[in-house]
Amino acid sequence: MTQPDPASVLRSSAEMRYRAELDTLRGADRDPRPAGWQLSPRAVRRFILGDAQLGVSRKFYGDDPLVERAIVTLMGNQGLMLVGEPGTAKSLLSELLATAISGDSALTIQGAAGTTEDHIRYAWNYALLLAEGPSERALVPSPMYRAMVAGKLVRFEEITRCPPEIQDTMISLLSEKQIVVPELGDGACVHARRGFNVIATANLRDRGVHEMSSALRRRFNFETVRPIRDHAFEVELVLAQVRRELDGAGLQARIERDVVGPGRVRSA
Ligand SMILES: Nc1ncnc2c1ncn2[C@@H]1O[C@H](COP(=O)(O)OP(=O)(O)OP(=O)(O)O)[C@@H](O)[C@H]1O
Ligand SMILES: [Mg+2]
């Protein structure tokens, strides 16, 4: 598929938005990279927390040690589970980690009440399946399958919104790091290449979320992402984001600080 012009899309992926910064970091990266990683752990940290010397912007504010622990987790065998209140940048952090480590934040499964095993493992192109029988051509790989083949990170958003039996599918995938495809014959199986891991996010507050089994919990390192505590700083952050969005849309408008601070919005 051809890449659209970044200026014409409503929200481009982090790898498109920060292409120049990623190139700079890659050029300056002298540290060893874990197998399958696009950047060294230090450069991943710089991408997320910023580096003034290299002209790399800070993208996640608040808890620097949390970012460091998240990077270390992803170098190991456990998955990373980001939990917290809505709007605390769990998805943003998982997108940034996938971008810096795998150069690809698009391998994402969205957890929902309707998520099925096919969304996690693989499905079939039924026209081809009927015409040719089971074949690799007829198999439609899930983001998890593609991440295993490519040795990349897969993001699992809102995992607790999936019914428990679907969450259970993840238990064996995370232990065995392989997907068996019995339809393609005895022993047909994809093995995860080095670089594969899972970053899941879960909002433990909303209605419609399910408990996670202890077996699934054991396969993840949990990190709680907390809200920004400093109100004045939060207002600055929202202002900067609004300005960026307006700039991106080519609109000239002056946004007063009072408009963004809650409780101080002026009536028209
Ligand atoms: N600590 C932070 N650093 C930088 N941006 C932040 C931070 N906290 C919140 N934001 C802003 O809030 C937005 C919302 O974050 P995001 O959608 O990633 O939250 P979430 O935790 O995934 O929420 P939900 O549980 O509703 O899915 C971010 O895109 C970012 O603009
Ligand atoms: Mg989210």
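At just 1% relative accessibility, T201 counts as buried, since the cut-off for that label is under 20%. T201 sits in strand β8, and that strand is a handy place to start looking at this predicted model. Leaving out residues up to four places away in sequence, T201 touches L82, K90, S91, S94, F156, E157, E158 and I159.

What about the rest of β8? Six of its six residues are buried, so the strand is largely enclosed by the rest of the structure. Both faces of β8 are covered: on one side there are N197, I199 and T201, on the other V198, A200 and A202, and all of them are buried.

Strand β8 is part of an open sheet of five strands, and the pairing in this sheet is parallel. In general, the strands of a sheet pair through backbone hydrogen bonds, and they can do so in a parallel or an antiparallel way. Reading across the sheet, the order is β2-β5-β8-β1-β9. At the edges are β2 (108-110) and β9 (220-225), each of which pairs on one side only. Going from one strand to the next, the twist averages 20°.

So who are the partners of β8? The order of the sheet puts β5 on one side of β8 and β1 on the other. Four bridges join β5 (residues 153-157) to β8 (residues 197-202), and the two run parallel. Within this pair, R155 stands opposite I199, while F156 has A200 as its bridge partner. With β1 the picture is much alike: four bridges join β1 to β8, again running parallel. Here M81 has A200 as its bridge partner in β8. A200 therefore turns up in both pairings, as the partner of M81 and of F156, and it is one of the buried residues of β8.

Strand β1 has a residue worth a look of its own, G84. With a relative accessibility of 14%, G84 counts as buried. Setting aside neighbours within four places in sequence, G84 is in contact with K90, A202, N203, L204 and V225. K90 also appears among the residues that T201 touches. The C-alpha atoms of G84 and R205 are separated by 8.1 Å, although the two residues are 121 apart along the chain.

After β1 comes a loop that leads to α5 (90-102), and A89 lies in it. The phi of A89 is near 80°, a positive value in a residue other than glycine. Its relative accessible area is 23%, so A89 is partly exposed.

Helices pack against the sheet as well. Helix α4 (residues 64-75) lies across β1 (79-84), β5, β8 and β9. Relative to β9, α4 runs at about 165°.

Another helix, α9 (residues 164-176), allows a quick check of its length. At 1.5 Å a residue, its 13 residues should span 18 Å, and the end C-alpha atoms are 19 Å apart, which agrees. The buried residues of α9 are I166, Q167, T169, M170, I171, L173 and L174. As a rule, an α-helix has 3.6 residues a turn, so residues three or four places apart point the same way.

Right after α9 comes K177, in the loop between α9 and β6 (178-180). Its phi is near 50°, which is positive even though K177 is not a glycine. At 18% relative accessibility, K177 counts as buried.

Finally, the view can be widened to the whole protein. It has 12 helices and nine strands. Its radius of gyration is 21 Å, close to the 18 Å that the globule rule gives for 268 residues, so the protein is as compact as a globular protein of that length. Along its principal axes, the C-alpha trace spans about 65 × 45 × 35 Å. Buried residues make up 41% of the 268 residues. Among contacts with a separation of 6 or more, 69% are between residues 24 or more positions apart. The accessible surface comes to about 14,900 Å², and 50% of it belongs to carbon and sulfur atoms.

Note on methods
Residues are numbered from 1 along each chain as its sequence is written. Chains are lettered from A and ligands numbered from 1 in the order in which they are written. This is a predicted model: local features need pLDDT of at least 70, side-chain atom pairs count only at pLDDT 80 or more; totals for chains, interfaces and linings use all residues. Side-chain values use heavy atoms; hydrogens and water are left out. Two strands pair if DSSP finds at least two bridges between them. Axes are lines fitted to C-alpha atoms, for helices over the stretch in contact, and angles run from 0 to 180 degrees between N-to-C directions. Contact means heavy atoms within 4.5 Å. The radius of gyration is taken over C-alpha atoms; the globule rule is 2.2 Å times the number of residues to the power 0.38. Buried means under 20% relative accessible area, exposed over 50%, partly exposed in between (1.4 Å probe, protein chains only). Accessible areas come from the Shrake-Rupley method with a 1.4 Å probe; for residues, only the protein chains shown count as cover. The expected span of a helix is 1.5 Å times one less than its number of residues.
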